[in-house]
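Please open the structure in your viewer and keep the selection panel at hand. The tour begins at the ligand and ends with the whole chain.

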Amino acid sequence: MKFHVLTLFPEMIERGLMSGIIGRAAENKIISLDTVNIRDYTLEKHGKVDDYPYGGGAGMLLQAQPVYDACRAVSGDRKVRTVYVTPQGRPFDQRLARELAGEEELILLCGHYEGIDERVLEEVVTDYVSIGDYILTGGELAAMVIIDAVARLIPGVLGNGSSAQEESFHNDLLEYPQYTRPRVWRDKTVPSVLLTGNHAEVTRWRLERSVERTMCARPDLYEKYSQKQCLIRRLSRDKRNNIHLMESLSAGSGEILYASGEDAAVCDRDHGVCMVKASSPEAGLRLLEECPKDARWYFVSRDLAERSLREKGFAAICECSQFLYTRREPLPVRHKDIRRLGPENLEYICSRYPSISPAYGKDRLLAGALYGAFAEQQLVGFAGVHSVGSVGMLYVEEAYRGRGLAASLEAYCIDRVLESGRVPYVHVPESDPAAAHIQEKLGLYRAGDRFCWMERQSETS
Ligand code: ADE
């Protein structure tokens, strides 16, 4: 990924980011970072880039011409997402960091003085972003914050072992306290549970501390967390039929749109997915009305699908069954050469699996959620974990079918889901009885309800 920073203080960015993890990633050419001095583009012979605001008022404004020319020097005629860092912008958060990490190239425009002439902002800026409700002396620190948070999501930036994949904001909870050696420091001892080696106890202790911290420091996050937990508990009474809603909520990708009695609607806004469960098709139709209009994909029960396909602007994509893996032990994987895929595999994935759009494929690859099976050093198949948490996107090259590769890929994905503490589940199209057979052989259980993936038709189609 390429970052370009337009600034009056390029050395500030270079000094701030060229050392440490981001500097190393730039050195290793995993990302590139270049600075453009806006002053180099002024047509004013004394190098002036600012002037007084029309209508009066304190301070000076950056003029339109040097900003415009600096920007065009980077982007030329290409459309490059251009972020103006300003306290007037959309609040920066982990979701926006993930979204920006999906871009090939990003321009960050740093303001100074009292701001920038509005006319050039209208011409070049695609996003206005603020890093918090306070005013800095310039945009450089904000740009550095954004670059750091975005760059660490690029595969390879954090090094091989660690990865920021699938990380939510710790499921709406703050991080628990951590300790390292020595065991006793200034008479303070490490909590004894961390020394027991009992994994389950440690996990429970960490969750309790996270909850405590969140309650005290971030009551807003805690409120969201406890609403989700409440709905998850209710849904768990019929886990096989509700696992998709439960997993989307507990993985942190799903937000509650509506929850009352038997009815619930959960939305993954990042990926434009809504899941609706309703006591009757009529209640379901009302819930579909509540879903954001820009959400494109809908997962609903078959009877609600029938009604909404007739009455509303939806098209059916796939009638499917839901299979659930209820055990905790990992599955054996027969094929030994299965590895995590990276952005370099995007073209292969999209060409073999046409319903994966380039944007979604890239999102999944960046999340480290697609895995490839290799034979004779060639990529011959893949499977992965969807943004909502289900295992899918299974493909095996024709010449390699019938050798158990599909089952190996599925088992591998199921093991990765288990490893992350989640419950594996799969959506199998009715049109693919062979895939249903694989699930049963692997030991997954079919949910009683029948489901359907639908797509919202755009206004113009
Ligand atoms: N420039 C000055 N203050 C800022 C802030 N809080 N966020 C983004 N850019 C800024």
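This is a predicted model. Begin by selecting strand 5 (81–91) and strand 7 (127–130), each of which supplies at least two residues of the shell around the ligand. Strand 5 makes the greatest contribution to that shell, with three residues.

Next, display the full shell. From the earlier stretch of sequence, select Val 85, Thr 86 and Pro 87; then add Val 129, Ser 130, Ile 131, Gly 132, Tyr 134, Ile 135, Leu 136, Gly 138 and Ala 142. Colouring these residues by class shows eight nonpolar, four polar and no charged.

Now turn to the polar atoms of the backbone. At Thr 86, a backbone N or O atom lies 3.2 Å from a nitrogen atom of the ligand. Move to Ile 131, where a polar backbone atom is 3.0 Å from a ligand nitrogen. At Gly 132, the distance between a backbone N or O atom and a nitrogen atom of the ligand is 3.1 Å. How much of the ligand does the protein bury? Taken alone, the ligand exposes 260 Å², and the protein buries 96% of that area.

Switch to a surface view to locate the site: the ligand sits in the second largest pocket.

Finally, zoom out and select the entire chain, which has 15 helices and 21 strands. Its C-alpha atoms fill a box of roughly 75 × 70 × 55 Å along the principal axes. The radius of gyration of the chain is 25 Å, which agrees with a compact globule, because a globule of 461 residues would have a value near 23 Å.

Key: Residues are numbered from 1 along each chain as its sequence is written. This is a predicted model: local features need pLDDT of at least 70, side-chain atom pairs count only at pLDDT 80 or more; totals for chains, interfaces and linings use all residues. Side-chain values use heavy atoms; hydrogens and water are left out. A residue is near a molecule or strand if one of its heavy atoms lies within 4 Å of it. A polar contact is a pair of N or O atoms within 3.5 Å; within protein, one must be able to donate a hydrogen and the other to accept it, and residues adjacent in sequence count only if both atoms are side-chain atoms. Accessible areas come from the Shrake-Rupley method with a 1.4 Å probe; for residues, only the protein chains shown count as cover. On a 1 Å grid over the protein atoms alone, a cavity is a set of points where a 1.4 Å probe fits but cannot get out, and a pocket is an open set with protein on both sides within 12 Å along at least five of seven lines; lining residues have an atom within 4 Å of a point. A molecule sits in a cavity or pocket if more than half of its atoms lie within 2 Å of its grid points. Helices (H or I, at least four residues) and strands (E, at least two) are DSSP runs, numbered from the N terminus. Ala, Val, Leu, Ile, Met, Phe, Trp, Tyr, Cys and Pro count as nonpolar, Asp, Glu, Lys and Arg as charged, and the others, Gly among them, as polar. The radius of gyration is taken over C-alpha atoms; the globule rule is 2.2 Å times the number of residues to the power 0.38.
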